[in-house]
Amino acid sequence: MIAVGVGLYVVGIGYSVALSFTNSKLLPKFDTFVGLANYDRLWSTGRWLISVENIWLFGLLSIALNMLLGFLLAAFMDRRVRYEDTFRTILLYPYAMSLIVTGLVWQWMMDPGLGIQSAMQNWGFAGFSFAPLTNPDTAIFGVVIAGVWQGTGVTMAILLAGLRGIDEDIWKAARVDGIPTWRTYVFIALPMLRGALATAFVLQAVSVVRVYDLIVGLTGGGPGIATEMPAKFVIDHITNRVNVSLGMAAATMMLLPIILLIGINLFIDWRRKAVAMRAAT
Amino acid sequence: MTAVVAQDEFFAAAGPRPRRVSAARIGVYCFLIGAALFFALPLYVMVVTSLKDLGEIRLGNIFNWPAELTFEPWIAAWSSACTGRTCEGIRPGFFNSIKITVPSVILSIIIAAINGYALSFWRFRGANFFFGLLIFGAFVPYQVVIYPLIIFMREVGLFATLPGIIIVHTIFGMPILTLLYRNYFSSLPEELFKAARVDGAGFWAIFFRVVMPMAVPISIVAVILQVTGIWNDFLFGLVFAGRDNMPMTVQLNNIVATTTGTRAYNVNMSATILTAAVPLAVYFISGRWFVRGIAAGAVKG
């Protein structure tokens with residue numbers, strides 16, 4: 001049973017990669033080998049270039065904001081606040097909802113005519129402007145806001161669990177030494193949270209690479225093609241645009257960073273083992 | 001009581017003067033409350049919008065409590081909102097989502113439990129290799145395997161059918177769930193397993209009599225993870241379910257994206273809440289279990 005499941009993944013990936021070297025439009029055709037032509041075409045397609053640029057911008061910004069806000073929230077929650085459970089419930093509920101729901105809600109909130117912007121203007125802030133989704137230059141920041149809103153609670157929960165796992169004696173020692181609380185968090189607790197931080201980071205990174213529903217719900221890739229993403233590029237080329245081989249070339253490109261990430265992980269593991277071996281002998 | 005004293009000491013040590021301590025305390029609460037407002041706002045706006053009539057919405061006061069409560073949008077969203085061709089509301093999507101979610105959750109969990117059990121107790125040849133591949137599977141972008149899966153489903157005649165989408169969910173849930181069970185079983189004492197073997201129990205006897213009764217907590221986590229995950233899925237439902245089995249998320253997007261006629265924002269928001277209701281209920285009821293699910297799901301290696 002495992003073999004079937006695993007086999008499916010391996011065969012599936014092999015199949016996709018193989019297709020990317022052919023000239024398949026609607027159906028797979030393996031007799032039309034074209035080498036790297038699809039990759040050539042891919043990297044000169046404006047839509048793909050914008051997708052790649054967007055995913056970097058979205059990924060870096062949203063992960064940075066997510067981790068920063070998540071850590072701050074976790075640290076503050078760790079200060080034995082009252083109603084901790086209530087705060088946690090509020091911070092985490094967006095994660096329980098579909099990304100489509102997230103996208104649609106924020107689309108409504110950022111509506112230029114009836115959303116936050118108009119509410120603030122009606123309250124007397126005449127110059128208030130907040131409608132990032134209508135402008136191709138700022139639309140991606142609207143996506144970042146929605147993404148951070150959805151994912152920060154998880155980072156907070158993971159980091160908070162990490163903070164709770166730190167030995168009580170370390171806090172006592174820091175207190176005895178007269179180290180201010182914030183410095184204890186930044187210079188002592190933060191390095192000890194490496195594992196939790198890595199977990200939260202990987203979780204966010206995976207969801208960034210997969211981002212599809214959020215875009216469909218929030219912007220549909222627009223205005224124009226300003227918020228297109230690689231995941232959407234692939235699906236669109238399989239379904240609507242009927243250019244399977246180009247889509248598969250894009251999918252293969254999406255696989256590369258994951259392979260790289262796992263490769264780095266394996267390398268670090270191997271290094272650590274090698275060092276441990278040397279230390280033992 | 002002692003905890004309170006310790007806490008006070010703690011904060012006294014944090015700053016040179018007591019007065020600054022209380023300022024820090026206020027700062028902590030201000031930040032948390034501010035953050036809570038930011039996170040709660042969309043839910044509030046959703047609810048408020050869904051209870052207004054369109055005339056009031058057009059005034060543009062998105063944050064105001066409805067001057068006149070109306071439940072019309074909810075009824076419309078449930079039973080008469082249009083998705084291009086048909087005007088049946090989101091109701092068919094709701095029942096489709098149930099038909100998809102229930103079998104998918106049961107099937108994927110049974111398979112994952114057996115897999116995890118086999119991986120951790122019966123160390124067959126290549127178990128570690130399979131484990132590595134599973135981790136890889138948990139990270140692979142779906143886009144890489146979706147097309148071959150479409151072709152495969154077409155070949156076996158399950159594309160755009162209910163069994164088809166259930167199989168797809170089972171396949172994609174497998175890596176992460178198997179890891180979940182495998183890690184849990186690895187933490188159980190191996191002596192239990194050995195004792196059962198000495199008593200002559202076989203693969204299945206050990207699984208049903210020894211291992212599964214101990215796997216109740218992790219199974220709760222798995223159910224929470226899968227119910228919310230499959231209910232919230234959009235991509236697979238869109239690609240594999242077909243027109244007759246469209247899950248709620250797809251239906252919701254179709255309702256909102258329908259451009260014919262005036263945009264009924266209140267109906268859209270009602271439909272959105274209805275779609276989010278099931279996972280939100282799971283979340284509010286399960287409480288800390290949900291957090292455990294995330295943490296367990298996040299530990300991938």
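Me: Buried means under 20% relative accessible area, and exposed means over 50%. With those cut-offs in hand, which residues of H7(B) are buried?

Reply: Please keep in mind that this is a predicted model. In helix H7 of chain B, the buried residues are Gln143(B), Val144(B), Val145(B), Ile146(B), Tyr147(B), Pro148(B), Leu149(B), Ile150(B), Ile151(B) and Met153(B). H7(B) is thus mostly covered, with 10 of its 14 residues buried.

Me: Why does the span of H7(B) agree with its number of residues?

Reply: The expected span of a helix is 1.5 Å times one less than its number of residues. Helix H7 of chain B covers residues 142–155, so its 14 residues should span 20 Å, and its end C-alpha atoms are indeed 20 Å apart. After H7(B) comes Gly157(B), which has a positive phi, near 75°.

Me: How should the exposure of Lys194(B) be read?

Reply: A residue between the two cut-offs is called partly exposed. Lys194(B) has a relative accessibility of 48%, and therefore counts as partly exposed. Lys194(B) belongs to helix H9 of chain B, residues 190–198. From C-alpha to C-alpha, Lys194(B) is 53 Å from Ile33(B), with their positions 161 residues apart in sequence.

Me: How do the axes of H5 and H8 of chain B cross?

Reply: A pair of helices may be described by the approach of their axes, the angle and the handedness. For H5 (residues 91–121) and H8 (residues 162–186) of chain B, the axes come within 6 Å and cross at roughly 35°. The crossing of H5(B) and H8(B) is right-handed. The residues of this contact comprise 17 nonpolar, nine polar and two charged.

Me: How many cavities of 30 Å³ or more does the structure hold, and which residues are closest to the centre of the largest cavity?

Reply: A cavity is a space where the probe fits but cannot get out. The structure holds five of 30 Å³ or more, and the largest has a volume of about 1,300 Å³. Its lining has 48 residues, of which Tyr95(A), Ser207(A), Arg210(A), Tyr142(B) and Gly229(B) are the closest to the centre. Helix H11 of chain B, residues 216–232, supplies the largest share of that lining, seven residues. By class, the lining of the largest cavity divides into 27 nonpolar, 17 polar and four charged residues.

Me: What is the make-up of chain A in helices and strands?

Reply: Chain A has 13 helices and zero strands. Its C-alpha trace spans about 75 × 75 × 35 Å along the principal axes. Of the 281 residues in chain A, 51% are buried.

Note on methods:
Residues are numbered from 1 along each chain as its sequence is written. Chains are lettered from A and ligands numbered from 1 in the order in which they are written. This is a predicted model: local features need pLDDT of at least 70, side-chain atom pairs count only at pLDDT 80 or more; totals for chains, interfaces and linings use all residues. Side-chain values use heavy atoms; hydrogens and water are left out. On a 1 Å grid over the protein atoms alone, a cavity is a set of points where a 1.4 Å probe fits but cannot get out, and a pocket is an open set with protein on both sides within 12 Å along at least five of seven lines; lining residues have an atom within 4 Å of a point. Grid points are joined across faces, edges and corners, and a volume is the space filled by probe spheres set on the points. Helices (H or I, at least four residues) and strands (E, at least two) are DSSP runs, numbered from the N terminus. Ala, Val, Leu, Ile, Met, Phe, Trp, Tyr, Cys and Pro count as nonpolar, Asp, Glu, Lys and Arg as charged, and the others, Gly among them, as polar. Axes are lines fitted to C-alpha atoms, for helices over the stretch in contact, and angles run from 0 to 180 degrees between N-to-C directions. A crossing is left-handed if the near helix is turned anticlockwise from the far one by less than a right angle, and right-handed if clockwise. Buried means under 20% relative accessible area, exposed over 50%, partly exposed in between (1.4 Å probe, protein chains only).
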